[in-house]
Amino acid sequence: MSRLNVLYCANDGYAPFMGTSILSLFKNNMDIEEIKVYCVLDSVSQDNIKKLNSLAKEFNRQIKIIDSGEINLVLNFVDIPKYRGSNVANYRLFLDLILDDSDERVLYLDSDTIVTGSLKPLLELDMQDKICAVVLDALASHYKRFVGFSREDLYFNSGVMLFDFKNWKKNAFLKQTLNFIRDNRSKYCNPDQDLLNIVLKDKIVVVGPEFNFQPVHRVFSYSAYTLCYGNYKYYTKEQIEIAKLNPSILHTYRFLGDFPWHKGKSHPDIGEFDKYLRQSPWSAYQKLNKPYSLFFIAEKFLYKLLPRFMFLIFFSLAQQVKFRKNDRKLKKASY
């Protein structure tokens, strides 16, 4: 496969972060002959669309803007919960309405990713007749029981997903997913990610952590991590250490309540994010102070007070309590 197809989904608030991610993708993959980016947008301003088009022109790449209207019409009749008040995270379920029929694969990236290395290995990856290639979620060893998974089952992070689109269509996967939602539970603590893990179970290929390197491994030692989360059915210390030295994709999701576009310096990926933001058409973006809940205020205080491994123990226990409470509430709402 000579062309890398990449899919992003965003609303206007996330457009600057998506654009920053696209810039990092283009700058670090100049050796890929053709890159086509699909951007499924929900109520994005003309100014942000112009900036996306300027990126495409600057790097001589293709960015295809897709309005989310048709997908939103379908979602109006499907009982999939919104994530943080938005349907954007659910758009990637509708590959059939987004991609061209000639596309063989597409790499989905969350808007909070920064591409720091070559993605050529993903073009050459043996998908083993599976539907999706993924990276395991770093915080899921205890959590996955809430979706009915056993200790043996793999649970992935859905922020980076390489789809075999031909296999997706062949198996009518959109229809399978919608049927599952109709006939089974649709509401989960991590709505889109949990659903994807359930419907794609046994249909995934696991790739190295360098393709979705997560904040916990940027901050905590492997020994501290395994003390809290274990390493059963997870990456080895060597795999994590190699990925840490040379990540291909950083997933800059929330850490201590912060994303790297918030004011403050607590996020481990803020340096990489700022580097690409400054080079982007959104370089004038003004970071905002974020109002914190009591949970995040306590979390920040304990992070400063406690040794790292003790904080991680607290964090993992608090996370389990929080999800257990949410899971009970959502189960009642689902039936």
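Here are some short exercises on helix packing, a helix's two faces and unusual backbone angles, each with a worked solution.

Keep in mind that this is a predicted model, where local features need pLDDT of at least 70, side-chain atom pairs count only at pLDDT 80 or more, and totals for chains, interfaces and linings use all residues. Residues are numbered from 1 along each chain as its sequence is written, and side-chain values use heavy atoms, with hydrogens and water left out.

**Exercise 1. Work out how helix H1 and helix H2 pack.**

Step 1: find the helices. H1 covers residues 15-27 and H2 covers residues 46-59; helices are DSSP runs (H or I, at least four residues), strands are too (E, at least two), and both are numbered from the N terminus.

Step 2: take the angle and distance. The helices pack at about 5°, with axes 10 Å apart. Axes here are lines fitted to C-alpha atoms, for helices over the stretch in contact, and angles run from 0 to 180 degrees between N-to-C directions.

Step 3: name the arrangement. H1 and H2 are therefore roughly parallel (angles under 35 degrees).

Step 4: list who touches whom. H1 brings Ala15, Met18, Gly19, Ile22, Leu23, Phe26 and Lys27, while H2 brings Asn48, Leu52, Leu55 and Phe59; contact means heavy atoms within 4.5 Å.

**Exercise 2. Sort the residues of H2 into a buried side and an exposed face.**

Step 1: pick the buried ones. They are Asn48, Ile49, Leu52, Leu55, Ala56 and Phe59 (buried is under 20% relative accessible area, exposed over 50%, partly exposed in between, with a 1.4 Å probe and protein chains only).

Step 2: check their directions. These buried residues cover an arc of only 110° around the axis, so they sit on the same side of H2; the arc is that of the directions from the helix axis to the C-beta atoms.

Step 3: recall the helix rule. An α-helix has 3.6 residues a turn, so residues three or four places apart point the same way.

Step 4: see what they pack against. The buried residues of H2 meet H1, strand E2 (34-42) and strand E3 (62-67).

Step 5: turn to the other face. Pointing away from the buried side are the exposed residues Gln46, Lys50, Lys57 and Glu58.

**Exercise 3. Describe the settings of Lys233 and Leu256, which each have a positive phi.**

Step 1: Lys233 has a phi of about 55° although it is not a glycine. Lys233 lies in the loop between helix H9 (222-229) and helix H10 (237-245), and is partly exposed at 41% relative accessible area.

Step 2: Leu256, also not a glycine, has a positive phi of about 55°. Leu256 lies in the loop between strand E9 (249-251) and helix H11 (270-279), and is buried at 6%.

Notes
Angles under 35 degrees count as roughly parallel, over 145 as roughly antiparallel, 65 to 115 as roughly perpendicular and the rest as oblique.
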